[in-house]
Amino acid sequence: MTTALIDRFGRRIEYLRLSVTDKCDLRCVYCLPRGFKAFEEPEHWLSFDEIERVLRVFGALGVARVRITGGEPLLRKNLAGLAARIKRLPGIKDLSLSTNATQLPKQALALREAGVTRINVSLDSLQAERFHELTGGRLDQVLTGLEAARQAGFDPIRINMVALRGVNEDEIADMVEFCIEHDFTLRLIETMPVGSTGRAAADHYLDLQKVRERLAQHYELIPSVMPGGGPARYVRVAGTNLRIGFITPISQHFCETCNRVRLSVDGTLYLCLGQEDKLELRPLLRAGVGDDELKQALVDAIARKPERHEFLEKPAQVLRFMSMTGG
Ligand code: SAM
């Protein structure tokens, strides 16, 4: 039987984004609408046993990296317990987490002890009022969460900033200085038209190629690399330890090197962030499918992985919010 997940375009799938909840305590303008409450029913959530089973099979098929995400993953009860179970699975070499950091003061240490090494924290503004407008949350909670991550020994800590024209564009330089000061890595992200919120935010789309050119007028930027397997293109700021990653799904898409798929909390395996192609795993798992059948279902699904997203050609295509797919 096939032992690797290779799609029809020769791309090897070795990275899984695992969403453990679609709930979030924030409402980022480009992600979840204010007042949104239509979350997945708890009986549809994959249990920890079901997640472990699927990831064991993925591990046997060559998936080596797992990033836990959501929604806000730290809202799922006993996430550190799940992380420890994933970390022990054969083949899984790298376990990382994306979070908004609000719950990190309570959970950072347990997650670090469970074997999560790398952490990404979303932070779009360093101005308390603007942060609240953009997310509905409190900046001080995130800053305290970042401090807790540092104390717990996460390394690297990366800041994910969705850069929006006319919204937080004027803070990119402040964010660069903040990350130099705190020894964080900065990743700038182009907004994507996923869900009605993502489409509305497209009015504020900012081309990161231009941002890079502007930064290069102030800093010497040296092409660089970071471990992780993600799509960011990195530069190092000369004379500092700061690395800045540019994630440019719109201005310069990276689909030809896409190495990932996404498993949502209800057991849907999404084959592309920008397409509807998927495999419903929950019915298979709950019907008592055997490991070989599960493996074959995954291999067959990967064979259907779309060549690329069509955010520019068909911006209205993806109805689900990012928090549902797992960002
Ligand atoms: N709650 C966690 C967090 O804040 O990182 C994990 C989930 S969140 C959906 C993951 C990432 O997706 C965040 O960095 C967020 O900014 C990004 N995101 C959400 N909607 C987006 C959109 N429409 N375009 C680009 N990035 C988006």
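Student: In this predicted model, which residue forms a salt bridge with Arg65?

Tutor: In the salt bridge that Arg65 forms, the closest N and O atoms are 3.8 Å apart, which falls inside the 4 Å allowed for such a pair. The pair links distant parts of the chain, since Arg65 belongs to strand E2 and its partner to strand E3, with their positions 29 residues apart. The partner of Arg65 is Asp94.

Student: Is Asp94 buried or exposed?

Tutor: A residue counts as buried when its relative accessible area is under 20%. Arg65, at 24% relative accessibility, is therefore partly exposed. Asp94 has a relative accessible area of 13%, so Asp94 is buried.

Student: Which residues are linked with Arg65 and Asp94 in a network of salt bridges?

Tutor: The structure holds 17 salt bridges. Arg65 and Asp94 belong to a network of such bridges, and the other residues linked in this network are Glu14 and Arg118.

Student: Arg67 is buried yet has no salt bridge, so how far away is the nearest side chain of opposite charge?

Tutor: Arg67 is found in strand E2, which covers residues 65-69. The nearest side chain of opposite charge to Arg67 belongs to Asp94, and a salt bridge would need a nitrogen-to-oxygen distance within 4 Å. The distance from Arg67 to Asp94 is 6.3 Å.

Student: Which side chain does Arg67 join in a polar contact?

Tutor: Leaving aside neighbours within four places in sequence, Arg67 is in contact with residues including Tyr15, Leu97, Arg118 and Arg158. The side chain of Arg67 also takes part in a polar contact of 3.2 Å, and the partner in that contact is Ser98.

Student: Is Thr99 buried or exposed?

Tutor: Thr99 has its place in strand E3, residues 94-99, and, not counting residues up to four places away in sequence, Thr99 touches Glu72, Leu74, Leu104, Ile119, Asn120, Val121 and Ser122. Its relative accessible area is 2%, so Thr99 is buried.

Student: Which residue offers the backbone nitrogen that the side chain of Thr99 reaches?

Tutor: The side chain of Thr99 comes to 3.0 Å from this backbone nitrogen, and a polar contact requires N or O atoms within 3.5 Å. The residue that carries the nitrogen is Ala101.

Student: How many residues surround the ligand?

Tutor: The closest residues to the ligand are Tyr30, Gly71, Glu72, Ser122 and Met192. Glu72 and Ser122 are also among the residues that Thr99 touches. The number of residues surrounding the ligand is 19.

Student: How far from an oxygen atom of the ligand is the N or O atom in the side chain of Ser122?

Tutor: Polar atoms of several residues lie beside the ligand: a polar side-chain atom of Tyr30 is 3.0 Å from a ligand oxygen atom, while a polar backbone atom of Gly71 is 2.9 Å from a ligand nitrogen atom. For the side chain of Ser122, the distance from its N or O atom to an oxygen atom of the ligand is 2.7 Å.

Student: Why are Arg56 and Glu52 separated by about one helical turn?

Tutor: Arg56 forms a salt bridge with Glu52, in which the closest N and O atoms are 3.2 Å apart. Arg56 counts as partly exposed because its relative accessibility is 40%, whereas Glu52, with a relative accessible area of 16%, is buried. The separation is about one helical turn because the two residues are four residues apart in helix H1.

Student: What span should helix H10 have at 1.5 Å a residue?

Tutor: Helix H10 contains 13 residues, 291-303, and its buried residues are Leu294, Ala297, Leu298, Val299, Ala301 and Ile302. These buried residues pack against helix H1, strands E10, E11 and E12, and helix H9. The end C-alpha atoms of H10 are 18 Å apart, which agrees with the expected span of 18 Å.

Student: How far apart in space are Lys278 and Arg304, C-alpha to C-alpha?

Tutor: Lys278 is found in strand E12 and is partly exposed, with a relative accessible area of 34%. Lys278 touches Thr268, Leu269, Tyr270, Leu271 and Arg304, not counting residues up to four places away in sequence. Although Lys278 and Arg304 are 26 residues apart in sequence, their C-alpha separation is 8.6 Å.

Key. Residues numbered from 1 in each chain as written. Predicted model: local features only at pLDDT ≥ 70, side-chain atom pairs only at ≥ 80, totals over all residues. Heavy atoms only, no water. Buried < 20%, exposed > 50% of the residue type's maximum accessible area, 1.4 Å probe, protein only. Lys, Arg positive; Asp, Glu negative; His and termini not counted. Polar contact = N/O pair within 3.5 Å; in protein donor to acceptor, adjacent residues only side chain to side chain. Contact = heavy atoms within 4.5 Å. Expected span 1.5 Å × (residues − 1). Near = heavy atom within 4 Å.
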